[in-house]
Amino acid sequence: MTEYASDLLRLLSSRGYVHQMTDAAALDALAVKQVVPGYIGFDPTAPSLHVGSLVQIMLLRRLQQTGHKPIVLMGGGTGKIGDPSFKDEARKLMTGDVIAANIASIKTVFERFLTFGDGPTDAVMLDNAEWLDALEYIPFLRDIGQHFSVNRMLSFDSVKLRLDREQSLSFLEFNYMILQAYDFLELSRRIGCRLQMGGSDQWGNIINGVELSRRVDGTEVYGVTTPLITTADGGKMGKTMSGAVWLNEDALPAYDYWQFWRNTDDRDVGRFLRLFTDLPLDEIARLEALEGAEINEAKKVLANEATAMCRGRDAAQAAAETARRTFEEGAAGGSLPTLAVSGSIAIVDALVGLGFAASKGEARRLIKGGGARVEGEKIADEAAMVTVAGEVRISAGKKHHGLLRPA
């Protein structure tokens, strides 16, 4: 492992955040000498980000922890287009009102991970619509467009993948990488931003911004990307049986968020503790060395720490207690997902309503596979009904539990 002089790169490297960097030596030297403002862009495509965005949020947290300034850039402008990177088809276009509502909702999560304010290392949240909406097309083409080679743009993996599959890539989407590069230039000019960070799929876009700042203003800026975060079985981080793992409380109850981390594969525990908690590395080394049934204790620590950071310590403790009562005492805890029912409900509808299946077809497959239970009894009939006169416990597999309650 490379030895770095700056606290920033030492921390990012030791905890597994670094995939690629532009001029690591120069960035390391800059981070020793001054406060480095760094940004990550987030497109407001929904009212909540999901756990797939969490490594990027943690990057901004690490930036602040090592004495630098995090910039959260909301894509109010670029969100009107949508990032085509590694997507099979164009995103659905959103109205300005929807984008504004999504940004307001998303901001509440960042306030749990970062300290916002007016100080030199306080986080700030900006919206690129502030400058992108005001651009004039001809001047933009003349001043910025001349610095981009279409030949090179076509060679980037994010574009090449779509073209190789003979899938449509609109001119609208093709402009996205130019606008993202312009964001970096604009942030450099406005608040001295010197660093852009992002996932590995953003490498081409980041390089464009680094080169644009150098060509137009003669300013040296830098880029860092993180590795693609996959689970030990090769799956995409945050994809579960019941759908996306949302960060906002109103999109996913704290208990379900806690359970997501508690259900981590044994092989991922150490890596996730380094990426998604603030625990010291020596304590993480001790926890990931646990074997057999003891590794479950490490998973509980991961669930407690990750949930406390995103939802608060009280929510984490309540979720842990609900899990203990549910699984160790066999009692139905008060924080389980619930569904109000008038009279009776089909089991397939209950599984969908509790979020354990994305569709009735998926619920039927769950029943057919023996994964659905009512009060601990396996359900074999896909057309089965349940009468809800009092609390009824529904389970999907061994780890997902919910309650039906009379409406």
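This passage describes two sheets, several helices and three single residues of a predicted model.

The model is predicted, so local features were taken only at pLDDT of at least 70 and side-chain atom pairs only at pLDDT 80 or more, while totals for chains, interfaces and linings use all residues. Residues are numbered from 1 along each chain as its sequence is written, and side-chain values use heavy atoms, with hydrogens and water left out.

Helices (H or I, at least four residues) and strands (E, at least two) are DSSP runs numbered from the N terminus. Strands of a sheet pair through backbone hydrogen bonds, either parallel or antiparallel. Two strands are taken as paired if DSSP finds at least two bridges between them. An open sheet is formed by six strands in the order β1-β6-β5-β2-β3-β4, with mixed pairing. Strands β1 (20-21) and β4 stand at the edges with a single partner strand each, so one side of each lacks a neighbour in the sheet. The partner of β1 is β6 (residues 222-226); the two run antiparallel and are joined by two bridges. In this pairing, Q20 stands opposite T225 of β6.

Two helices pack on this sheet. Contact here means heavy atoms within 4.5 Å. Axes are lines fitted to C-alpha atoms, for helices over the stretch in contact, and angles run from 0 to 180 degrees between N-to-C directions. Helix α10 (residues 176-191) touches β2, β3, β4, β5 (195-199) and β6, and its direction makes about 145° with that of β2. Helix α11 (residues 203-217) touches β1, β5 and β6, and its direction makes about 170° with that of β6.

Strand β3 (residues 69-74) belongs to the same six-strand sheet. Residues are called buried under 20% relative accessible area, exposed over 50% and partly exposed in between (1.4 Å probe, protein chains only). By this measure six of the six residues of β3 are buried. In a regular strand the side chains alternate between the two faces of the sheet. On one side of β3 the buried residues are K69, I71 and L73, and on the other they are P70, V72 and M74, which leaves both faces covered. Six bridges link β3 to β2 (residues 37-42) in the parallel sense, and G38 stands opposite P70. β3 also runs parallel to β4 (residues 124-127), to which four bridges join it; here M74 stands opposite D127.

Strands β2 and β3, together with helix α3 (residues 54-65), make a right-handed β-α-β unit. A crossover is right-handed if, with the strands pointing away from the viewer, the path from the first strand over the helix to the second runs clockwise. Helix α3 also packs against helix α1 (residues 7-14), at an angle of about 145° and with the axes 9 Å apart. The residues in this contact are L8, L11 and L12 from α1, and L59, R62, L63 and Q65 from α3. They divide into five nonpolar, one polar and one charged, where Ala, Val, Leu, Ile, Met, Phe, Trp, Tyr, Cys and Pro count as nonpolar, Asp, Glu, Lys and Arg as charged, and the others, Gly among them, as polar.

A second open sheet has five strands in the order β9-β15-β14-β11-β12, again with mixed pairing. Its edges are β9 (338-341) and β12 (377-378), each with a single partner strand, so one side of each is left without a neighbour in the sheet. β9 pairs with β15 (residues 400-406) in the parallel sense over four bridges, and T338 stands opposite L403.

Helix α13 (residues 269-276) is largely enclosed by the rest of the structure, because six of its eight residues are buried. The buried residues are V269, G270, F272, L273, L275 and F276. Their cover includes α3, α12 (254-262), α14 (281-288) and α15 (295-311).

Three single residues complete the description. A134 is found in the loop between α5 (129-132) and α6 (137-143), and counts as exposed because its relative accessibility is 58%. The C-alpha atom of A134 is separated by 9.9 Å from that of G77, 57 residues apart along the chain. R190 lies in helix α10 and is partly exposed at 40% relative accessibility. Leaving aside residues up to four places away in sequence, R190 touches E130 and W131. D23 is placed in the loop between β1 and α2 (24-33) and is partly exposed, with a relative accessible area of 49%. Although D23 is not a glycine, it has a positive phi of about 45°.
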